[in-house]
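Let's take a walk through this protein chain together. Keep the picture open as you read, and find each piece as it comes up.

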Amino acid sequence: MFAWFIFDLNLKLRQMKKVLFLIGMVVMASNLIFGSCKIYNYTDANSTLLFEKIFALVSKDLGIDTCNIEIIICYSIFDDASNVYGATIRRYSSNIYIMNLGEYISECDKPEIFMHELVHISQIEHSRLVIHKCSVWFEGKAYTNNIAYEDRAYEKEAIEKSRELYKKYKKEIK
Ligand SMILES: [Zn+2]
């Protein structure tokens, strides 16, 4: 009886190992297919799926390696007059981005604003955009706060590219 129990336990352990192995394979395969980018959304919980969908759609266009990065999205309040609705910085480690989105942006503006911030992540990922405490460097040129928002080349690119991406994917997002 005892020997049978040991045998039975052994069999169960082997079965469990098989199941764990299978789970591991499924996780690995899904990471390879869908990427393992983690989006931690601390804004409106209903937007999480939207953010994940947009990210999956545009990451190839932007050359972002989805397996490599984590995006933490939080609310922030921006000055209405500034026309700024989002801001993204790389923090803590090279693959963690903190994205601040305006708390009062409308649902219809949200996708394009999120895409705009993803363009900045792409610029940073490709070392074209470097953000320091007092200055921002884009393609070797320094930009200080004295340079107007619309005159900053990295903002111009983000505005144009996000507009383009929104046009391309708006049907799939709705
Ligand atoms: Zn921007």
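**Where two helices meet**

Pro111, Glu112, Met115, His116, Val119, His120 and Gln123 in α3 come up against Tyr154, Glu157, Ala158, Ile159, Lys161, Ser162, Arg163, Leu165, Tyr166 and Ile173 in α4. Contact here has a cut-off: the C-beta atoms of the two residues, placed from the backbone, lie within 7 Å. The names α and β come from DSSP runs, numbered from the N terminus: helices are H or I with at least four residues, and strands are E with at least two.

Before going on, know that you're looking at a predicted model, where local features need pLDDT of at least 70 and side-chain atom pairs count only at pLDDT 80 or more, while totals for chains, interfaces and linings use all residues. Residue numbers start from 1 along each chain as its sequence is written.

Back to those helices: α3 and α4 pack at an angle of about 130 degrees, and their axes are 8 Å apart. That makes α3 oblique to α4, because angles under 35 degrees count as roughly parallel, over 145 as roughly antiparallel, 65 to 115 as roughly perpendicular and the rest as oblique. Axes are lines fitted to C-alpha atoms, for helices over the stretch in contact, and angles run from 0 to 180 degrees between N-to-C directions.

Now for the sheet. It's an open one with four strands in the order β1-β2-β4-β3, and its pairing is mixed. Its edge strands, β1 (38-41) and β3 (86-90), each pair on one side only. Two strands count as paired if DSSP finds at least two bridges between them. β1 and β2 (residues 70-76) pair in the parallel sense over four bridges, and Asn41 has Ile73 in β2 as its bridge partner.

Helices lie against this sheet too. α2 (residues 48-62) lies across β1 and β2, running at about 150 degrees to β1. α3 (residues 110-125) packs on the sheet, where it touches β3 and β4 (96-102).

What's Leu101 up to? Leu101 sits in strand β4. Leu101 is buried, with 24 other C-beta atoms within 10 Å; the scale is 20 or more for buried, 12 or fewer for exposed, and partly exposed in between, with C-beta atoms placed from the backbone. Leu101 and Ser76 are 25 residues apart in sequence, yet 5.7 Å apart in space, C-alpha to C-alpha.
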